[in-house]
Structures are given as structure tokens and as C-alpha cells.
Amino acid sequence: MTTILGISAFYHDSAAALVRDGQILAAAQEERFTRIKHDFNFPQHAVDYCLAEAGITPAQLDAVCFYDKPLLKFERLLETYLAFAPLGLRSFMMAIPLWVRQKLFLPREIDKGLHDQYEGPIYFTQHHESHAASAFFPSPFEEAAIVTLDGVGEWATTTWGVGKGNRVEIRKEVRFPHSLGLLYSAFTYYTGFKVNSGEYKVMGLAPYGEPRYADLILSELMDLKEDGSFWLNQKYFNYCSGLTMTNGRFDKLFGGPARQSESRVTQREMDLAASVQKVTEEVMMRIIRHVHRQTVLDNLCLAGGVALNCVGNGKILRDGPFKDIWIQPAAGDAGGALGAALFTWHQVMDKPRTPQPLDSQTGSYLGPAYSESQIRAYLDRVGAKYTVYANEDELCRHVAELMERGKVIGFLKGRMEFGPRALGARSIIGDPRNPKMQAQMNLKVKFRESFRPFAPSCLREKVADYFEMDCESPYMLLVAPVREDRRLEMNQEQKKLFGIDKLHVLRSDIPAVTHVDYSARVQTVNKQTAPAYWKLIKAFEERTGCPVIVNTSFNIRGEPIVCTPQDAYKCFMYTDMEALVLENCLCLKEDQPPMSGAEQYRKQFKLD
Ligand SMILES: [Fe+2]
């Protein structure tokens with residue numbers, strides 16, 4: 001038996017993953033335990049959790065693998081500084097202490113994190129090898145092209161290669177500072193959102209705008225080649241030498257300064273978002289077509305932060321040359337921990353690989369679960385009132401009824417998801433047909449006014465009845481149009497509405513999950529990989545005829561997704577959520593004793 005621990009840390013989204021004889025036993029992001037979003041510190045809690053899940057001590061590990069090569073990254077930092085000196089002195093000086101303290105002495109940090117009990121080998125994979133391994137090894141394919149699209153690792157920002165059997169091989173790369181991820185982040189910054197987490201908002205904003213700046217981006221900011229390789233004009237960017245993403249020349253080119261965060265979003269930001277989204281899709285398509293020409297393979301695997309751009313992914317699937325695609329759900333740096341561990345097993349140790357029909361990620365339900373006795377002990381301690389259901393069917397029937405009555409419900413069941421999306425193990429759910437659901441969930445629970453609709457979870461076997469797609473999308477990484485026969489046209493009055501007001505116009509018979517352009521970020525729910533969640537949606541369908549429910553992550557704005565029953569109960573109590581499911585226990589808000597501290601709770605999370 002060989003057990004390998006993979007670690008990613010010190011950039012953003014630290015995580016740990018444990019692989020035993022090629023099987024993924026556990027994986028989790030540090031933020032869920034520390035409650036600090038995108039926590040980049042050494043993933044101590046995640047490591048401890050993984051070891052506990054496998055029931056071993058650090059001494060029993062056979063190998064530990066870190067997801068990138070710190071020395072190469074340091075070299076990039078140093079060379080970038082020298083190339084732009086003395087311009088980047090301030091950002092360089094700010095980066096140095098962390099490097100000296102932790103990153104350059106990684107083996108020491110890892111020893112400490114393993115409680116000085118581990119004496120085996122420590123491997124370092126390259127950043128993009130880790131992403132590529134995370135994309136291919138868990139995929140259902142024997143052979144596939146691999147594309148990683150990212151901000152930056154050591155030097156590479158975009159790579160492509162081939163996975164076959166138990167090997168991945170990177171063939172070509174685009175190097176820093178030319179980066180699709182950083183281009184997107186530059187516009188995230190410029191439109192007033194937070195880099196490395198607000199990219200999703202830019203994507204959500206894009207359908208409201210016109211891509212009127214796309215040509216300007218292509219002519220001034222970048223030189224894009226037919227094969228998808230590109231060069232970014234550093235004249236307009238500041239990330240090599242400063243502390244911001246863009247500079248004064250950029251402002252001048254796009255006609256004004258960056259939007260202040262939390263100020264009103266205007267048509268201009270919407271047009272900027274539409275423009276960078278269009279360019280990103282164009283670059284993605286060119287790369288994908290080129291890689292298809294070069295590899296002549298049927299299947300494609302994707303990872304890296306840009307692979308979370310599910311609008312782009314949906315286009316690749318619909319309009320691209322590959323027959324099938326698989327995307328690592330933890331596509332960002334957290335997934336590097338998993339990739340590093342799998343790389344060590346297959347490629348370093350040369351162990352065979354048997355692809356599984358769906359995939360080997362098991363729905364990405366790879367985090368901690370909590371027993372009913374643990375849950376009851378906690379609920380009793382805080383004096384909560386709850387009903388325990390003897391069987392799951394009965395619970396699901398009751399929850400379906402609550403949903404139909406318009407209730408917003410917190411749902412914690414089974415192992416926590418690995419990756420940024422909630423997939424029905426730590427979700428807030430509701431009725432997608434309800435015209436008020438979108439606004440209700442946003443204001444009562446999320447404390448945000450959002451221009452993004454929520455995502456639908458749909459029974460896998462019914463997905464084609466609602467959406468223009470008929471394939472697996474278990475990780476909510478593909479956007480597909482709502483079927484035409486379910487759409488509702490906007491009238492002339494409604495067409496004149498601006499921004500978020502448009503979102504309140506009903507666009508289909510499942511309005512809570514339909515975007516203004518009729519798109520939806522679909523999660524297909526499979527009976528095999530997510531039996532409890534499947535059963536719940538089935539119960540809702542039996543009651544209402546609708547096999548779709550609303551699924552949003554179980555958290556408030558700025559908060560990492562809940563992990564424990566304690567986290568879930570607090571989030572339930574401090575918001576206007578109306579019911580809470582913890583395994584087979586159901587709490588109704590009206591029955592609960594009051595709990596003080598709501599104000600403080602909301603304040604502890606920084607807005608993202
Ligand atoms: Fe990365």
C-alpha cells in the first residue's frame with residue numbers, strides 16, 4: 001500500500017490531497033477549516049484532515065509532493081524584477097519576506113506541518129505539471145489532449161500537451177508575463193472587483209454588456225496568433241513592476257480610471273466585462289483548435305484558473321473540435337495538490353492507471369463528513385430544536401415540500417466538496433420556478449444584490465428536457481442555454497431596463513437559474529455519485545414535475561463555504577434561511593432559540 005500526500009500552498013487556495021494506490025481518498029482546501037477565504041498559509045488543517053481520513057500518522061506516508069518548484073518561481077520573481085528595475089522595487093520588497101520566511105525553506109515548513117514525524121522523500125512537481133496531472137489522471141479518458149490555462153505558475157501561464165495511460169507530457173507553453181489569466185484579472189481589477197476571486201463576477205456581468213472594447217484589446221493590449229499563442233503589451237500593465245494590475249496608460253486607453261469597489265456598476269463595466277470575456281473565449285477557442293490539429297485526439301482535459309470560466313468551457317464543448325471534455329473541478333491552485341499527488345504515483349513511481357467510466361474524482365465529494373451522533377451532540381449543546389428522520393426518503397419528501405412552499409434551505413449532507421463550487425453537499429437550495437427566489441436568496445441569505453443568477457442542479461437523466469445539452473456536467477463547469485421552448489421573451493419595455501433590473505424579468509419557467517442571455521451554469525446530478533442529492537431532486541420532481549432545483553454555495557458573501565455542522569448552523573441562524581438539513585436532522589427557523597452575534601458574524605468576513 002502506497003500513500004501519497006499532495007500539498008499546494010503559499011500563493012492562494014492552499015490545499016492538501018491524499019492518494020492511496022492511485023485512488024483519491026481525501027482532498028480539502030485550507031480555507032474551509034480556518035474560515036479565511038482563499039487562505040494561502042501552509043494547509044495544516046487540511047493535511048491533518050487527510051491523514052485522519054486515511055487513519056494514518058505522518059510517519060506512515062510513503063511520499064509527500066509539493067505542487068510547484070519554489071526556486072523556479074523565485075527565479076521568475078528575481079528576473080522580472082531585474083528586467084523592470086528599479087520600477088518593481090516596492091512589490092519586490094513586499095514579496096521577499098514571505099519567500100525568505102517560508103517558500104525557500106519549504107522542506108522545513110513541510111516537516112513542521114507533518115509534526116516532525118515524516119522522514120520519506122519530498123517531491124516537487126512543476127506548477128503546470130500539477131495542473132495537467134489534475135486534469136488528466138482523474139479523467140475518464142485513456143488518452144486526451146491537455147490544456148492548462150492559468151494566471152501564472154513558475155514561468156508558464158498556458159500550456160498544452162498530451163495525456164496517455166499513466167503519463168502526462170507538456171509540449172508547448174506560453175510564458176510569463178503573457179498570461180490569459182492575468183489579462184482577465186487585469187479587467188477584474190479595472191472593473192472594480194477583487195483579483196483572484198472576482199473573476200466570476202466579471203463573467204456574470206458580461207451578458208449585460210456589448211463587447212465594444214474587444215477590438216481595442218486585440219489591437220493594443222495583445223498580439224494574438226492564429227494558434228492561440230499571444231503576447232501582452234506590458235506598456236499597459238503594472239503586475240510585473242507594481243502593486244496593481246493596470247496603469248495610467250491602460251486608464252487612458254479605456255477612457256478613465258478603474259471603478260472603485262462597491263460603487264455603482266455602470267454600462268461601461270458591463271461592456272468591459274463583455275469585451276474581455278469575448279477575447280478570452282476567442283483565445284481559448286484558438287488554442288483548443290490548434291491543440292486539436294496538433295494532437296488529432298478526441299478528448300480534451302482542462303485545468304488552471306481560467307478553466308473555471310464555464311461560459312468559455314460551454315463554447316468549447318458546443319463549437320470546439322473535441323468530442324468530449326473533462327475539467328478538473330478544483331481547476332485553480334487547490335487542485336494542484338491533487339495533481340501533484342497523482343503525478344507522483346503515476347509518473348514518478350510509474351504505476352498504472354485505469355480510467356473510470358465517469359471519472360475518478362467521485363463527484364469531488366472528498367472532504368469531511370459528520371455523523372448523526374456528532375450533529376445531534378452539537379445541536380443539543382446549543383439547545384437547537386430539530387426532527388430526526390428515520391430514513392432519507394421521508395426527509396427528502398419533507399424538504400421538497402418546504403422548497404415548493406418557497407422556503408430557502410441550507411443543506412449539509414455527506415462529504416464536503418473539493419473545489420470552489422458547492423455541489424449539493426454544502427449548498428443552499430430552493431425552488432427555481434419561484435419568481436421571487438433569486439431576489440430572496442440574494443437579500444435574505446447572501447446579503448448582496450447580484451447580477452448573477454443562481455445555478456441549477458438537474459437530474460442527469462432530465463438535463464436535455466431543460467437545457468441545450470445532454471452530457472455530464474457534475475462539477476457545474478459548463479454553461480448551456482436554457483431550451484428555447486422554456487424561454488420567455490422580453491417585451492419592449494423590459495428590453496429598456498438597465499443591469500440588474502433586467503435580471504428580475506422572468507426569462508424562462510425556471511427564472512431563478514436563467515441568466516439574461518438565457519444561459520445557465522448547469523450541474524447534472526448523477527444517482528451513482530451523489531445518491532442523497534439525487535434523491536432530494538427526485539422528490540422535488542415527484543411533487544412538482546420539475547427535476548431542477550436552485551443550488552448556491554452554503555455561505556454568506558466573503559465567507560468560505562461551510563464545512564462543519566457548527567459552521568452551517570451559525571450561517572443558518574445568522575441569516576434569514578428558513579430551514580436547515582444536517583444529515584437526517586431538520587431544523588426549522590421558527591423553532592430555534594435566538595442566538596446573538598449576527599452582526600459580528602457578518603462583519604468577520606471581508607467582502608470579496
Ligand atoms: Fe495555477
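## Close-up views of a predicted model

**View 1. Strand 2 and strand 3 run antiparallel and are joined by six bridges.** Like every view here, this one shows a predicted model. Within the pairing, Ala17 stands opposite Ala27 of strand 3. Two residues lie between the strands of this hairpin, and Asp21 has a positive phi there, near 45°. Take a look at the surroundings of strand 3 too: five of its seven residues are buried, so the rest of the structure largely encloses it.

**View 2. Helix 2 spans residues 44-54 and has six names on its buried list: Ala46, Val47, Tyr49, Cys50, Leu51 and Ala54.** What lies over these buried residues? The cover includes strand 1, strand 2, strand 3 (23-29), helix 1 (30-34) and helix 5 (106-113). At the end of the helix, look for Gly55, which follows helix 2 and has a positive phi near 65°.

**View 3. Four residues coordinate the iron ion: His127 and His131 through NE2, Asp150 and Asp333 through OD.** The coordination distances run from 2.1 to 2.3 Å. If you like to read a site along the chain, the donors follow the spacing H-x3-H-x18-D-x182-D. How are the two histidines placed in helix 6? His127 and His131 sit four residues apart in this helix (residues 127-136), which means that about one helical turn separates them. An α-helix has 3.6 residues a turn, so residues three or four places apart point the same way. His127 and His131 are both buried. As for the geometry, the angles among the four donor atoms range from 88 to 169°, and the site is irregular. The reason is easy to follow: a tetrahedral site would need all its angles between 85 and 135 degrees, and the upper end of the range here is 169°.

**View 4. Phe10 and Phe66 form a tilted aromatic pair.** The model has 19 aromatic pairs. In this one, the ring centres are 6.4 Å apart and the planes meet at 35°, so the pair counts as tilted. Phe10 belongs to the loop between strand 1 (3-8) and strand 2 (15-20), while Phe66 belongs to strand 4 (residues 63-66), so the pair ties together parts 56 residues apart in sequence. Are these two residues buried or exposed? Both Phe10 and Phe66 are buried.

**View 5. Tyr378 and Tyr569 meet as an edge-to-face aromatic pair.** Here the centre-to-centre distance is 6.0 Å, with 75° between the planes. Tyr378 comes from helix 14 (residues 372-381) and Tyr569 from helix 21 (residues 565-573), so the pair links distant parts of the chain, 191 residues apart. Tyr378 is buried, at 7% relative accessible area, and Tyr569 is buried as well, at 1%.

**View 6. Aromatic rings also appear in a cluster and beneath charged ends.** One aromatic cluster is formed by Phe187, Tyr190, Tyr213, Phe237, Phe250 and Phe254. Elsewhere, Arg353 places its charged end over the ring of Phe136, 4.1 Å from the ring centre. Lys589 does likewise over the ring of Phe572, with its charged end 4.6 Å from the centre.

**View 7. Glu173 is found in strand 8 (residues 167-175).** With a relative accessible area of 39%, Glu173 is partly exposed. Leaving aside residues up to four places away in sequence, Glu173 touches Ala156, Thr158 and Thr159. For a sense of scale, the C-alpha atom of Glu173 is 27 Å from that of Val479, a residue 306 places away along the chain.

Notes:
Residues are numbered from 1 along each chain as its sequence is written. This is a predicted model: local features need pLDDT of at least 70, side-chain atom pairs count only at pLDDT 80 or more; totals for chains, interfaces and linings use all residues. Side-chain values use heavy atoms; hydrogens and water are left out. Rings of Phe, Tyr and Trp (its six-membered ring) pair if their centres lie within 6.5 Å; planes under 30 degrees apart count as stacked, over 60 as edge-to-face and the rest as tilted. Buried means under 20% relative accessible area, exposed over 50%, partly exposed in between (1.4 Å probe, protein chains only). A charge sits over a ring if NZ of Lys or CZ of Arg is within 6 Å of the ring centre and within 35 degrees of the ring normal. Contact means heavy atoms within 4.5 Å. Two strands pair if DSSP finds at least two bridges between them. Donors are N, O and S atoms within 2.8 Å of the metal (3.2 Å for Na, K and Ca); water is not among the atoms, so sites may look incomplete. Four donors count as tetrahedral if all angles lie between 85 and 135 degrees; four count as square planar and six as octahedral if opposite donors are over 155 degrees apart and all others between 65 and 115; anything else is irregular.
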